[in-house]
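User: I should like to learn how the terms used for a protein model are justified. Could you take me through the reasoning, one term at a time?

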Amino acid sequence: MTGILDEQERTLAFAEVALGQIRSLRQTAIPRNYEIWYVYATGYNSALNKVINETLARNGRLTEADLDQIHDTYLSQIRTTDRIDQVGARVIGEIDDVMVLITDALGMTTNFNASLDGASKDLSLARDPAAVKAVIESLVKSTREVHDTNKALEERLLSSKSEVYTLQQSLEAIRAESLTDPLTALGNRKYFDRALMAAIDTAVKRGEPLSLLMLDIDHFKSFNDNYGHLTGDQVLRLVGQSLKQTIKGQDITARYGGEEFAVVLPNTPLRQALTVADHIRRAVMSKELKKKSTGEILGRVTISVGVSMLQIGDDMESLIGRADACLYAAKRSGRNRVICEVDPEYSAELQFQVA
């Protein structure tokens, strides 16, 4: 219950910021504008925040055209679909072009076979060297035409192979972008859900342990309230960078949402996962946060971590649920610590949630 209330408070805080921006800038509270400012408040999309801040600094306001541009560029799902459609159209175009050449080559081969049959008859009827020479010259001409056609087809196929490979890379880039959090460059929630599901399936099939870390930035709201959303973005990037530097190999990192992160540790038992979690906690705490505009030292960032391990009968929701409960137990126990499901604080958290 506590987790639900905390999430409710967090989302309502984002909603208040969004509506506050709409009021202060005298914009209409239509869904498009609310979506823009809600995403701005979460700090989830750094590129969106940057363009809004730069536009406001330059013009002091956002016009309808600005809002349309921002939404179309940074939020519209149609953008990704359009890009995929464009790549698909180019692939179809390549296939159509190659099919035209293949059809031409087949037609040329048919004509060449007919020329061979005709030459065979002509040679059998030839009575002098001039007639034989004429037949041979005709055959040489037909052979050259077939060779040229096949050569053109070969070159076009090589070109198409290269083009299709480039288009495949484009699709991979679009796919990767759709699974990446733009602010931290970690996997996003969609990526996390897919990766965790696959990791659970693999662990069950192989009979291997699997652990999950849920991490939350301590007092994150105060960074936004005291220093602004740009500093909040900086805090999120700092934690993301610490995760990338600490987590290696087959382990999976993602921004779960807001100021919460997740780490999936395949083939990792609980005790080893606790060690990893504490390394991450120490890595984050070791970094000083500086305000970029002034160089002012703002202090150190800390995180709380909850750890759970896959059990028989677990699904994704139950594994996440226990890690989340451990995370809230860490928060309730004073923050800047790691709690797992065998710790007494976890049992106390369960009793608190039931109560």
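Analyst: Helices are DSSP runs of H or I with at least four residues, strands are runs of E with at least two, and both are numbered from the N terminus. On that basis the chain, which is a predicted model, has 12 helices and seven strands.

User: What share of the chain's residues count as buried, and what makes a residue buried?

Analyst: A residue is buried when its relative accessible area is under 20%. Of the 355 residues of the chain, 39% meet that criterion.

User: Why is V39 called buried?

Analyst: The relative accessibility of V39 is 16%. The limit for a buried residue is under 20%, so V39 counts as buried. V39 lies in helix α2, which spans residues 31-42. Beyond its neighbours within four places in sequence, V39 is in contact with Y44, N45, L48, N49 and L75. Between V39 and N49 the C-alpha distance is 8.5 Å, and the two are 10 residues apart in sequence.

User: What makes R271 exposed?

Analyst: Exposed requires a relative accessible area over 50%. R271 has 70%, and therefore R271 is exposed. R271 belongs to helix α10, residues 270-285. Its C-alpha is 9.6 Å from that of M309, although 38 residues separate them in sequence.

User: Why are H219 and N336 called partly exposed?

Analyst: The term covers values between the limits of 20% and 50%. H219, at 48%, falls in that interval and is therefore partly exposed. N336, at 24%, also falls in it and is likewise partly exposed. H219 sits in the loop between β1 and α8, and N336 in the loop between α11 (316-332) and β7 (338-340). H219 is not a glycine, yet its phi is positive, at about 55 degrees. N336, a residue other than glycine, has a positive phi near 55 degrees.

User: How do you know that the buried residues of α8 line one face of the helix?

Analyst: The buried residues of α8 (residues 220-227) are F220, F223 and N224. Viewed down the helix axis, they fall within an arc of 95 degrees, so they line one face. K221, D225 and N226 are exposed on the other side of α8. The buried residues are covered by elements including β1 (210-217), α9 (229-246) and β4 (288-290). Just after α8 comes G228, with a positive phi of about 100 degrees.

User: Why are α2 and α3 called roughly perpendicular?

Analyst: Their packing angle is about 105 degrees, with the axes 9 Å apart. Angles of 65 to 115 degrees count as roughly perpendicular, and α2 and α3 are therefore described in that way. In this contact, I36, W37, V39 and Y40 of α2 meet L48, N49, I52, N53 and L56 of α3. By class, the contact has seven nonpolar, two polar and no charged residues.

User: What makes α3 and α4 roughly antiparallel?

Analyst: The axes of α3 (residues 46-59) and α4 (residues 64-74) cross at roughly 165 degrees and come within 10 Å. An angle over 145 degrees counts as roughly antiparallel, so this term applies to α3 and α4. Their crossing is right-handed. A47, L48, V51, I52 and T55 of α3 meet D66, I70 and Y74 of α4. Sorted by class, these are six nonpolar, one polar and one charged residues.

User: Why are α9 and α10 called oblique?

Analyst: They pack at about 135 degrees, with axes 9 Å apart. That angle is neither under 35 degrees, nor over 145, nor within 65 to 115, and α9 and α10 are therefore oblique to each other. The crossing of α9 with α10 is right-handed. L238, V239, S242, L243 and T246 of α9 make the contact with H279, I280, A283 and V284 of α10. By class, six residues are nonpolar, three are polar and none is charged.

User: What share of the contacts between residues at least 6 apart in sequence join residues at least 24 apart?

Analyst: A contact means heavy atoms within 4.5 Å. Among the contacts in the chain between residues at least 6 apart in sequence, 66% join residues at least 24 apart.

Key:
Residues numbered from 1 in each chain as written. Predicted model: local features only at pLDDT ≥ 70, side-chain atom pairs only at ≥ 80, totals over all residues. Heavy atoms only, no water. Buried < 20%, exposed > 50% of the residue type's maximum accessible area, 1.4 Å probe, protein only. Arc of directions from axis to C-beta. Axes fitted to C-alpha atoms, helices over the stretch in contact; angles between N-to-C directions. Left-handed = near helix turned anticlockwise from the far one by under 90°. Nonpolar A, V, L, I, M, F, W, Y, C, P; charged D, E, K, R; others polar.
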